[in-house]
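Here is a walk through one model, from its sheet to its ligand. Keep the 3D view open as you read.

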Amino acid sequence: MNGVFISFEGIEGSGKSTQARLLFKHVIDNGFDVILTEEPGGTKIGLKIRELLLDSENKGMIPHTELLLYYASRAQHINEVILPAIKRGAIVITDRFTDSTVAYQGYGRGIDLKLIFSIDRLITAGLRPDITFLLDLDAETGLKRNIGVNKTDRLELEDLEFHKRVRKGYIKLATKEPERIKLIDASKGVEEMQNKIALIAKDFLNKWL
Ligand code: TMP
């Protein structure tokens, strides 16, 4: 039996990495074979690409370079980590995947979505998460939370308007694919979100088993 592919998405400060970790722990505690991974990154090569992408010194990086680097990291991640785990029947939880590229490089940077989807077909061969948790939060609150924890990478330094476009992009994606993308109100507390996500995941995994 093939495994399950779960992703977490959201703007900066939405708390998705915390929720991905909590779900990972919850799924392990229930005796499943599960891995937690992230993009950009997830592999040794991917982590080097992540450094390039997030280095605030790389202000001159043009949108197409950025797009291709995210896909370079994803190509490595899919082949080295995601597909082998899914093939052995494991549950893969990733902190970000293709929806991030559509939201950030597509809606945020304004790169033509057709171009993104044509590169996507080449790199992912249509691989999509079975279920995605989109932690939705207004951009002002997200950025304020991030300043609170002193996060200042190249993308986080983009202005509020950029992050508002990213959020809008995510909401469009969720409207188009309501079956896959589960919208979670990220203005709620950690525990409330965690309980909601665990319930949806349980329901989903029961159908898969
Ligand atoms: P993280 O802070 O959630 O680890 O993500 C790193 C940054 O990379 C975050 O600002 C979102 C951005 N990103 C994109 O712009 N496009 C992508 O395809 C991915 C995976 C992340």
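**From the sheet to the ligand**

Helix H4, residues 98–108, lies across three strands: S1 (4–10), S4 and S5. Relative to S1, H4 runs at about 25°. Bear in mind that this is a predicted model.

Now look at the sheet itself. It is open and built from 5 strands. Their order is S2-S3-S1-S4-S5, and the pairing is parallel. Strands S2 (34–38) and S5 (181–185) stand at the edges. Each has a single partner strand, so one side of each is left without a neighbour in the sheet. From one strand to the next, the twist averages 20°. In general, strands of a sheet pair through backbone hydrogen bonds, either parallel or antiparallel.

Take strand S4 next, residues 131–136. To S5 it is joined by 5 bridges, and the two strands run parallel. One partnership here is that of Leu-135 with Ile-184 in S5. S1 is also joined to S4 by 5 bridges, again in parallel. There, Phe-8 stands opposite Phe-133 of S4.

How many of the residues of S4 are buried? The count is 6 of 6, so the strand is mostly covered by the buried criterion of under 20% relative accessible area. Both faces are covered. On one side sit Ile-131, Phe-133 and Leu-135. On the other sit Thr-132, Leu-134 and Asp-136. Two of these residues have already appeared in the bridges: Phe-133, opposite Phe-8, and Leu-135, partner of Ile-184.

Move on to helix H2, which spans residues 44–54. Gly-46, Ile-49, Leu-53 and Leu-54 are buried in it. Seen down the helix axis, the buried residues fall within an arc of 120°, so they line one face of H2. What do these buried residues pack against? Their partner is helix H3, residues 63–87. The face of H2 turned away from the buried side carries exposed residues: Lys-44, Lys-48 and Glu-51.

H3 holds a residue worth a stop, Glu-66. Is Glu-66 buried or exposed? Its relative accessibility is 0%, so Glu-66 counts as buried. Set aside its neighbours within four places in sequence, and Glu-66 is in contact with Leu-53, Met-61, Gln-105, Arg-109, Arg-154 and Leu-155. Leu-53 is one of the buried residues of H2. Another residue to check is Leu-52, 14 residues from Glu-66 along the chain. The C-alpha atoms of Leu-52 and Glu-66 are separated by 9.3 Å.

Finish at the ligand. It is surrounded by 14 residues. The closest are Glu-12, Tyr-70, Arg-96, Thr-101 and Gln-105. Gln-105 is also a contact of Glu-66.

Three side chains have polar atoms to inspect here. For Glu-12, a side-chain N or O atom is 2.7 Å from an oxygen atom of the ligand. For Tyr-70, a polar side-chain atom lies 2.8 Å from a ligand oxygen. For Arg-50, the distance from a polar side-chain atom to an oxygen atom of the ligand is 2.8 Å.

Key. Residues are numbered from 1 along each chain as its sequence is written. This is a predicted model: local features need pLDDT of at least 70, side-chain atom pairs count only at pLDDT 80 or more; totals for chains, interfaces and linings use all residues. Side-chain values use heavy atoms; hydrogens and water are left out. Buried means under 20% relative accessible area, exposed over 50%, partly exposed in between (1.4 Å probe, protein chains only). Helices (H or I, at least four residues) and strands (E, at least two) are DSSP runs, numbered from the N terminus. The arc is that of the directions from the helix axis to the C-beta atoms. Contact means heavy atoms within 4.5 Å. Two strands pair if DSSP finds at least two bridges between them. Axes are lines fitted to C-alpha atoms, for helices over the stretch in contact, and angles run from 0 to 180 degrees between N-to-C directions. A residue is near a molecule or strand if one of its heavy atoms lies within 4 Å of it. A polar contact is a pair of N or O atoms within 3.5 Å; within protein, one must be able to donate a hydrogen and the other to accept it, and residues adjacent in sequence count only if both atoms are side-chain atoms.
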